[in-house]
Amino acid sequence: MSEPLLVLDDISRRYGAIEALKGISFSIGRGEVVALLGDNGAGKSTLVKIIAGGLEPTSGRMLFEGREFLAKTPAEAKAAGIETVYQDLSLCTNVDVVANFFMGREITRKVLGVPVLDETAMERVAGKALADAGTRIPSLRTKVEHLSGGQRQAIELNRFVHWGGKLVLLDEPFAALGVEQTRRGLAMIRQVAKQGIGVVIITHIMQQAFQVADRIVVIRQGVVAGDVPTSETSPDAVIGMITGETLAVPDRQRQGQTIRPAERERTT
Ligand SMILES: Nc1ncnc2c1ncn2[C@@H]1O[C@H](COP(=O)(O)OP(=O)(O)O)[C@@H](O)[C@H]1O
Ligand SMILES: [Mg+2]
């Protein structure tokens with residue numbers, strides 16, 4: 001097996017007295033879609049924030065492309081190719097699609113020695129990137145505020161891929177989308193993964209996890225309660241992991257987790 005894209009090694013995080021994460025270890029491969037599941041408060045968002053540089057772990061380490069890496073800020077994570085894609089939080093709604101696609105990376109040309117934005121070139125590049133990904137947007141000169149949630153998400157994902165993104169994190173990406181937009185979003189995730197990008201998707205909808213993910217990782221009360229290939233498990237089995245009836249993690253990940261869930265229940 002080739003070297004994983006990201007390795008989480010014994011990541012813990014406290015919020016004061018609350019131990020939100022208690023030694024999380026698992027890895028994400030290149031081109032792999034991992035669905036992160038778990039009950040409310042299990043620690044999913046905390047983990048994703050740590051990966052994306054939005055929060056520091058209390059302890060533990062991360063290896064990204066084989067090197068120790070922990071981003072101190074989201075900008076640092078983004079520069080390394082790790083990014084959280086939100087439905088629209090990171091788009092500027094009052095400017096058009098092209099401006100959003102190039103945000104901070106504008107193409108300029110010199111006119112009488114003065115750099116000016118090369119709108120034609122930018123429109124061409126953005127148009128090609130979106131078209132190649134199968135994203136249909138009527139006009140690239142439409143302000144983002146006039147686009148649907150699904151179109152915004154597509155722009156963000158395409159932008160991420162175009163600028164060399166390597167690992168994308170999605171926290172309940174379809175919560176506000178309709179059935180058809182969700183279907184397209186799931187298809188786009190598969191397409192993104194096909195290009196070698198790692199994807200972590202948090203979802204509470206079991207069906208979505210089984211539709212899109214190669215592997216399912218279940219977090220329960222801050223520990224990994226399941227880490228299984230999607231093809232080797234079932235929705236019922238995953239529910240068992242979420243509720244604590246079963247534990248399905250490879251042996252190498254069990255350190256500190258040798259107490260069976262039922263016993264842990266009684267001791268906490
Ligand atoms: N900023 C915070 N301050 C204090 N406690 C927090 C904070 N964020 C999350 N928590 C707690 O950490 C635990 C994990 O939360 P979270 O990562 O949001 O879980 P999930 O995303 O799986 O619902 C919960 O007990 C939650 O109440
Ligand atoms: Mg959450």
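**A hairpin, two sheets and a ligand site**

Strands β7 (residues 108-111) and β8 (residues 114-117) run antiparallel and are joined by four bridges. Within this pair, K110 finds its bridge partner in P115 of β8. The two strands make a hairpin with two residues between them. In the turn sits L112, and its phi is positive, at about 50°. As with everything that follows, these features belong to a predicted model.

Beyond the hairpin, the model holds an open sheet of six strands, and its pairing is mixed. Reading across this sheet, the order of the strands is β6-β9-β10-β3-β11-β12. What is found at the edges? Here stand β6 (82-84) and β12 (223-229). Each of these two has a single partner strand, so one side of each is left without a neighbour in the sheet. From one strand to the next, the twist averages 15°.

A parallel pairing in this sheet is the one between strand β3 (residues 33-37) and strand β11 (residues 215-220), which is made over four bridges. To find one of these bridges in the structure, look for V34, whose bridge partner in β11 is R215. Helices accompany the sheet as well. Helix α8 (residues 235-243) packs on the sheet and touches β3, β11 and β12. The direction of α8 makes about 25° with that of β11. Helix α6 (residues 179-194), in turn, lies across β3, β9 (167-171) and β10 (198-202). Relative to β10, helix α6 runs at about 150°.

A further open sheet is formed by four strands in the order β2-β1-β4-β5, and here the pairing is antiparallel. Its edge strands are β2 (18-28) and β5 (67-68), each of which pairs on one side only. Strand β4 (residues 59-64) pairs with β5 over two bridges, in the antiparallel sense. F64 takes part in this pairing, with R67 as its bridge partner in β5. Helix α1 (residues 44-51) lies across three strands of this sheet, namely β1 (6-15), β2 and β4. The helix runs at about 120° to β1.

Helix α1 also leads to the ligand site. Which element gives the largest share of the shell around ligand 1? That share, three residues, comes from α1. The full set of residues surrounding the ligand is Y15, A20, D39, N40, G41, A42, G43, K44, S45 and T46. Sorted by class, this shell has five polar, three nonpolar and two charged residues.

Several atoms of the protein can be followed to oxygen atoms of the ligand. In the side chain of T46, an N or O atom is 2.6 Å from an oxygen atom of ligand 1. The backbone takes part too: a backbone N or O atom of G41 lies 2.7 Å from a ligand oxygen atom. For A42, a backbone N or O atom is found 3.2 Å from an oxygen atom of the ligand. On its own, ligand 1 has 560 Å² of accessible area, and the protein covers 60% of it.

Terms used: Residues numbered from 1 in each chain as written. Chains lettered and ligands numbered in written order. Predicted model: local features only at pLDDT ≥ 70, side-chain atom pairs only at ≥ 80, totals over all residues. Heavy atoms only, no water. Pairing = 2+ DSSP bridges. Contact = heavy atoms within 4.5 Å. Axes fitted to C-alpha atoms, helices over the stretch in contact; angles between N-to-C directions. Near = heavy atom within 4 Å. Polar contact = N/O pair within 3.5 Å; in protein donor to acceptor, adjacent residues only side chain to side chain. Areas by Shrake-Rupley, 256 points an atom, 1.4 Å probe, with all protein chains shown as cover. Nonpolar A, V, L, I, M, F, W, Y, C, P; charged D, E, K, R; others polar.
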